[in-house]
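Thanks for sharing this one with me. Here are my notes, in numbered points, to read alongside the model.

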Amino acid sequence: EIMEFKEKLREYKLTLVELSEASPKHRDARDSAVKTARILYHDKHLSEYVYRKKKLPIKELVKKVDVSKKTLERNRKFILAIFIVLSGDYIYLKDYLKGVGQ
């Protein structure tokens with residue numbers, strides 16, 4: 001599972017090292033980023049953009065979430081990684097997200 005995840009991260013020009021550095025340190029910030037990733041994943045238009053461009057649709061996303069553009073940009077890598085987990089078949093990683101950002 002982790003090897004598949006690393007491959008998928010590479011498609012988005014991300015690495016596990018970058019992710020560990022980019023992860024929000026505070027729980028509320030992490031919850032907010034996970035919640036943003038969930039909104040992104042469940043919005044057909046926005047998720048198609050991510051699949052196609054391999055990046056966040058910041059301008060459109062800022063209209064749908066209660067987070068500033070600056071915060072979205074700061075947490076971009078983490079949000080993308082959570083989006084990848086939500087959209088993939090990562091049983092153990094999804095298990096880790098249960099109850100986070102609800």
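1. Let me begin with the lining of the largest pocket in this predicted model. Four helices, α1 (2–11), α2 (16–22), α7 (76–87) and α8 (91–97), each contribute at least two residues to that lining. The largest share comes from α7, with four residues.

2. What volume does the largest pocket have? The computed value is about 260 Å³. Its lining is made up of 15 residues, and the closest to the pocket centre are Phe5, Leu19, Phe78, Ile82 and Tyr96. By residue class, the lining divides into twelve nonpolar, two polar and one charged.

3. A word on confidence, since one of the helices that line the pocket is concerned. Among the elements of the protein, α8 has the lowest mean pLDDT, at 77, and α8 is also one of the helices that supply at least two lining residues. At the other end of the scale, helix α4 (residues 44–53) has the highest mean, 97. For the protein as a whole the mean pLDDT is 91, and 95% of the residues reach 70 or more.

4. Next, the aromatic side chains. The structure holds three aromatic pairs. One of them joins Phe5 and Tyr90 in an edge-to-face arrangement, with 5.5 Å from centre to centre and 75 degrees between the planes. This pair links distant parts of the chain: Phe5 sits in helix α1, Tyr90 belongs to the loop between α7 and α8, and their positions lie 85 residues apart in the numbering. Both Phe5 and Tyr90 are buried. Phe5 therefore deserves a second look in the viewer, as it is also among the residues closest to the centre of the largest pocket.5. Tyr41 and Phe83 form another edge-to-face pair, with 6.2 Å from centre to centre and 70 degrees between the planes. Tyr41 lies in helix α3 (residues 27–42) and Phe83 in helix α7, so this pair ties together parts that are 42 residues apart in sequence. Are the two partners buried or exposed? Tyr41 is partly exposed, with a relative accessible area of 28%, whereas Phe83 is buried, at 0%. Together with Tyr51, Tyr41 and Phe83 form one aromatic cluster.

6. Helix α3 has another residue that you may like to look at: Ala29. Ala29 counts as partly exposed because its relative accessibility is 27%, and the partly exposed class runs from 20% to 50%. How far is the C-alpha atom of Ala29 from that of Asn75? The separation is 8.9 Å, although the two residues are 46 residues apart along the chain.

7. Finally, the overall architecture. The secondary structure comes to eight helices and zero strands, and read along the sequence the pattern is α-α-α-α-α-α-α-α. The radius of gyration is 12 Å, close to the 13 Å that the globule rule gives for 102 residues, so the protein is as compact as a globular protein of that length. Along its principal axes, the C-alpha trace spans about 35 × 30 × 25 Å. Of the 102 residues, 36% count as buried, with Phe5 and Tyr90 as well as Phe83 being buried.

Notes. Residues are numbered from 1 along each chain as its sequence is written. This is a predicted model: local features need pLDDT of at least 70, side-chain atom pairs count only at pLDDT 80 or more; totals for chains, interfaces and linings use all residues. Side-chain values use heavy atoms; hydrogens and water are left out. On a 1 Å grid over the protein atoms alone, a cavity is a set of points where a 1.4 Å probe fits but cannot get out, and a pocket is an open set with protein on both sides within 12 Å along at least five of seven lines; lining residues have an atom within 4 Å of a point. Grid points are joined across faces, edges and corners, and a volume is the space filled by probe spheres set on the points. Ala, Val, Leu, Ile, Met, Phe, Trp, Tyr, Cys and Pro count as nonpolar, Asp, Glu, Lys and Arg as charged, and the others, Gly among them, as polar. Rings of Phe, Tyr and Trp (its six-membered ring) pair if their centres lie within 6.5 Å; planes under 30 degrees apart count as stacked, over 60 as edge-to-face and the rest as tilted. Buried means under 20% relative accessible area, exposed over 50%, partly exposed in between (1.4 Å probe, protein chains only). pLDDT is the predictor's confidence in each residue, from 0 to 100. The radius of gyration is taken over C-alpha atoms; the globule rule is 2.2 Å times the number of residues to the power 0.38.
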